[in-house]
Amino acid sequence: MTATSALSLPRTTATAARVLRQLRHDPRTIALMILVPCVMLFLLRYVFDGSARTFDTIGASLLGIFPLITMFLVTSIATLRERTSGTLERLLAMPLGKGDLIAGYALAFGAVAVVQSALATGLAVWFLDLDVVGSPWLLLLVALLDALLGTALGLFVSAFAASEFQAVQFMPAVIFPQLLLCGLFTPRDAMHPVLEAVSDVLPMSYAVDGMNEVLHHADLTTAFLRDITIVAAVALLVLTLGAATLKRRSA
């Protein structure tokens with residue numbers, strides 16, 4: 001049998017349920033996705049224990065960056081493991097389309113991202129006293145979209161890696177340039193014009209901008225709506241590209 005082309009809700013949810021069952025038996029992966037962003041935020045708060053304002057300045061940005069990085073790493077490795085083990089090839093020999101598979105993975109890891117983002121946001125705002133002018137719910141929304149973006153990027157790059165080591169190697173190529181150019185270390189408009197232009201097309205830049213909008217504005221702003229729309233649109237685009245580039249044949 002060949003994989004069907006139309007996206008099916010039952011097939012997608014069945015794929016998501018299978019992935020979640022696998023994750024349930026992998027406590028190290030769960031700890032990486034759920035606990036590591038919280039631990040990093042906790043450490044960051046007390047690194048700047050004598051300068052709470054510094055934590056307020058960069059804490060919101062990192063609240064979006066940490067989930068993006070962890071979801072990218074875990075998703076890329078998990079998807080690659082399915083492909084190299086032959087599981088992916090067997091699944092696509094069934095009435096399961098590439099879109100169903102990618103959407104199922106995105107749904108499963110998206111459910112984990114909800115828990116991850118909620119815990120990290122709650123920890124930062126109510127326990128670590130991150131000073132946010134806007135609503136914590138908007139902060140949670142941006143953190144969730146960032147985690148979903150990391151999931152989408154991880155699913156996409158897994159198609160181009162032949163081993164888990166190669167999947168990890170994509171992090172310097174995909175994540176680190178965005179980390180340097182997103183405005184975390186210096187305002188983007190203070191960069192060299194060429195680097196500023198590059199940063200304008202990188203999704204992490206808008207993830208950080210969205211967090212900063214919540215940090216400094218009590219109400220919804222046009223810039224905030226633009227930022228979250230771009231992050232969501234890039235995540236959807238990358239998921240679509242991931243489905244298009246998904247290989248049937250295992251490495």
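**Asp56, helix 8 and the nonpolar cores**

I will start with a polar contact, that is, a pair of N or O atoms within 3.5 Å in which, within protein, one must be able to donate a hydrogen and the other to accept it, residues adjacent in sequence counting only if both atoms are side-chain atoms: the side chain of Asp56 reaches the backbone nitrogen of Asp131 at 3.0 Å. This is a predicted model, in which local features need pLDDT of at least 70 and side-chain atom pairs count only at pLDDT 80 or more, while totals for chains, interfaces and linings use all residues. Residues are numbered from 1 along each chain as its sequence is written, and side-chain values use heavy atoms, with hydrogens and water left out.

Asp56 and Asp131 are 75 residues apart in sequence, yet 5.8 Å apart in space, C-alpha to C-alpha. Asp56 lies in helix 4, helices being DSSP runs of H or I with at least four residues, numbered from the N terminus, and at 17% relative accessibility it counts as buried, a term for under 20% relative accessible area with a 1.4 Å probe and protein chains only, exposed being over 50%.

Turning to helix 8, residues 164-174, we find Ala167, Met171 and Val174 buried. Seen down the helix axis, the buried residues fall within an arc of 95°, so they line one face, the arc being that of the directions from the axis to the C-beta atoms. On the other side of helix 8, Phe165 and Ala173 are exposed.

Finally, Ile65 touches Leu179, Cys182, Leu184, Met204 and Val208, leaving aside residues up to four places away in sequence, where contact means heavy atoms within 4.5 Å.

How values were computed
Helices (H or I, at least four residues) and strands (E, at least two) are DSSP runs, numbered from the N terminus.
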